[in-house]
Amino acid sequence: MHPASPAIAAFWADFSAQEAALHAQPLVERVEQANTLLEAHVKGLALELQGHPEDAVVDLIITAHGSIEQFPLLTQLVDAAPKLRHHRVVAFRARTAEPDFPIGMDGFELATADVLVALQPDNGQAALELRFARDIPAEFAEHARHMTFIMLDHVLGEYDFAVKVGAVDFVGEDDYDADVSWTPLSQLPPVFDAFWTQTLGHTGHFPQGEPQWEGLELEFNCAVDDEGNPVDDPEGDAETGGSDEGVVAVNLAANAVAMRADLPYALTLDLAVPDSAALAAAQNLQEQAATLLQLPQLGVAALTLARAGRRQALFYVSDEQLAKQTLAPLLLRDEAATLELKLRYDPAWTGYFEYAGYLLH
């Protein structure tokens with residue numbers, strides 16, 4: 001968790017000072033004025049209100065309109081929110097409670113029941129195949145596809161649609177697979193959640209006990225054909241100096257909590273291992289780091305990669321600052337002298353599935 005930036009602190013100070021006056025306005029005016037306040041301090045986010053005009057407390061929803069790049073800023077804004085009298089601050093646009101609904105655009109109407117969805121695994125995420133359950137006039141085909149994306153955001157919720165969904169493809173009536181299960185979008189949420197836990201194995205339960213490591217050897221910077229298959233390249237790559245081999249160990253048990261909303265930060269401990277003694281010391285240090293993070297369920301070990309004289313250990317953690325504090329005594333040891341510590345926001349766990357995708361089926 002980051003301390004609030006001056007811009008975020010200034011927004012909440014202005015919002016708190018004007019909250020009573022805002023609450024006295026009709027909902028539409030409240031939203032407009034609240035967003036004017038936000039835009040004066042913070043860019044890339046928006047505010048929405050949910051509730052009835054006469055409610056003493058309404059939900060103040062902070063949205064990034066599905067832009068993952070803005071999610072860290074959104075989280076910081078929510079974390080810095082003060083206690084408000086008339087507003088309950090909510091991160092991300094939630095799933096609608098009534099997923100069976102129509103929307104209209106330029107004289108054309110489409111309902112969630114008119115869209116059929118098939119789910120397929122997509123490297124840890126859920127790929128969506130979409131088709132329409134009724135004829136769509138050619139002049140409204142692009143409208144219908146755009147409206148479907150809007151409806152998906154409301155049916156699955158902003159975070160799940162942005163993070164948990166991979167490829168999204170529309171298929172025609174002559175191209176779809178009749179043997180797969182097709183679900184109306186209006187009925188998708190429980191089907192999606194069951195697919196997420198049962199088919200993809202993302203139960204959300206923090207792994208207990210020992211990690212479940214499975215290894216593989218990979219060749220990096222190798223020449224490949226148009227389909228990604230390795231091919232002989234005796235001259236090598238002039239820029240990289242040719243291909244090199246690496247050994248990856250993936251913790252398959254971590255798949256249970258992959259993409260959990262409270263484990264979005266990828267933390268990498270990267271150490272030089274010029275000889276076998278350094279390799280053993282790096283492995284021991286990284287294993288101790290895994291224990292320190294996992295015991296309080298602050299983070300989970302995802303994978304290790306030994307390549308080009310270095311050994312990397314990748315963890316996914318809930319709070320980057322707290323993770324650094326937890327590991328600080330360990331990383332002051334002599335064997336951590338070559339340490340490169342890297343942190344990035346990776347809610348879709350792309351660093352994990354880059355390699356876990358070879359092993360998880």
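Let me start with Phe132, in a model that is predicted. Phe132 sits in strand β7. If we set aside the neighbours within four places in sequence, its contacts are Leu110, Asp114, Val115, Ala144, Arg145, Thr148, Phe170 and Glu173. One of these partners, Leu110, is 22 residues away in sequence, and the two C-alpha atoms are 9.7 Å apart in space. Is Phe132 buried or exposed? Its relative accessibility is 15%, and the limit for a buried residue is under 20%, so Phe132 counts as buried.

At the other end of the same topic is the loop between β6, residues 115–122, and β7, residues 125–132, where Asn123 is placed. The phi angle of Asn123 is near 55°, which is a positive value in a residue other than glycine. With a relative accessibility of 46%, Asn123 counts as partly exposed.

I would ask you to set Trp349 beside Asn123. Trp349 also has a phi near 55°, again positive in a residue other than glycine. Its place is the loop between β15, residues 340–345, and α9, residues 350–356. Here the relative accessibility is 0%, and Trp349 counts as buried.

Trp349 brings us to the interior of the protein. Which residues have the most contacts inside the largest nonpolar core? They are Val250, Phe315, Trp349 and Tyr352, in a core of 97 residues. Helix α4, residues 141–156, supplies the largest share of this core, with six residues.

Phe315 deserves a closer look. Beyond its neighbours within four places in sequence, Phe315 is in contact with Tyr265, Ala266, Leu267 and Leu269, and also with Gln286, Ala289, Ala290, Leu293, Val300, Ala301 and Ala302.

Let me now turn to a pair of helices. Two packed helices are described by the angle between their axes and by the distance between those axes. For helix α7, residues 276–294, and helix α8, residues 320–331, the angle is about 145° and the axes are 10 Å apart. The crossing of α7 and α8 is right-handed. On the α7 side, the residues that meet the partner helix are Leu285, Gln288, Ala289, Leu292 and Leu293; on the α8 side they are Ala323, Thr326, Leu327, Leu330 and Leu331. How many residues of each class take part in the contact of α7 with α8? Eight are nonpolar, two are polar and none is charged. Two members of this set, Ala289 and Leu293, are also among the contacts of Phe315.

Leu331 offers a way to strand β10, residues 213–220, in which Leu218 is found. Leu218 and Leu331 are 113 residues apart along the chain, and their C-alpha atoms are separated by 29 Å. Leaving out neighbours within four places in sequence, the contacts of Leu218 are Asp244, Glu245, Gly246, Val248, Tyr355 and Tyr358. The relative accessible area of Leu218 is 17%, and Leu218 is therefore buried, the limit being under 20%.

Two threonines provide a view of the surface. Thr36 lies in helix α2, residues 27–39. At 53% relative accessibility, Thr36 counts as exposed. From Thr36 to Leu47 there are eleven residues in sequence and 9.6 Å in space, C-alpha to C-alpha. The other threonine, Thr199, belongs to helix α6, residues 188–199. Thr199 has a relative accessible area of 45% and is partly exposed. Its C-alpha atom is 9.7 Å from that of Ala126, although their positions lie 73 residues apart in sequence.

Finally, the chain as a whole. The domain assignment gives domain 1 as 6–91, domain 2 as 102–199 and domain 3 as 213–232 + 240–357. Where domain 2 and domain 3 are concerned, their centres, taken over C-alpha atoms, are separated by 35 Å. Seven residues of domain 2 are in contact with nine residues of domain 3.

The secondary structure of the chain amounts to nine helices and 15 strands. Along the principal axes, the C-alpha atoms fill a box of roughly 70 × 60 × 40 Å. Of the 361 residues in the chain, 43% are buried. What share of the contacts between residues at least 6 apart in sequence joins residues at least 24 apart? The share is 73%.

Key:
Residues are numbered from 1 along each chain as its sequence is written. This is a predicted model: local features need pLDDT of at least 70, side-chain atom pairs count only at pLDDT 80 or more; totals for chains, interfaces and linings use all residues. Side-chain values use heavy atoms; hydrogens and water are left out. A nonpolar core is a set of buried Ala, Val, Leu, Ile, Met, Phe, Trp, Tyr and Cys residues joined through side-chain atoms within 4.5 Å. Buried means under 20% relative accessible area, exposed over 50%, partly exposed in between (1.4 Å probe, protein chains only). Helices (H or I, at least four residues) and strands (E, at least two) are DSSP runs, numbered from the N terminus. Contact means heavy atoms within 4.5 Å. Axes are lines fitted to C-alpha atoms, for helices over the stretch in contact, and angles run from 0 to 180 degrees between N-to-C directions. A crossing is left-handed if the near helix is turned anticlockwise from the far one by less than a right angle, and right-handed if clockwise. Ala, Val, Leu, Ile, Met, Phe, Trp, Tyr, Cys and Pro count as nonpolar, Asp, Glu, Lys and Arg as charged, and the others, Gly among them, as polar. Domain bounds come from an automatic or database domain assignment.
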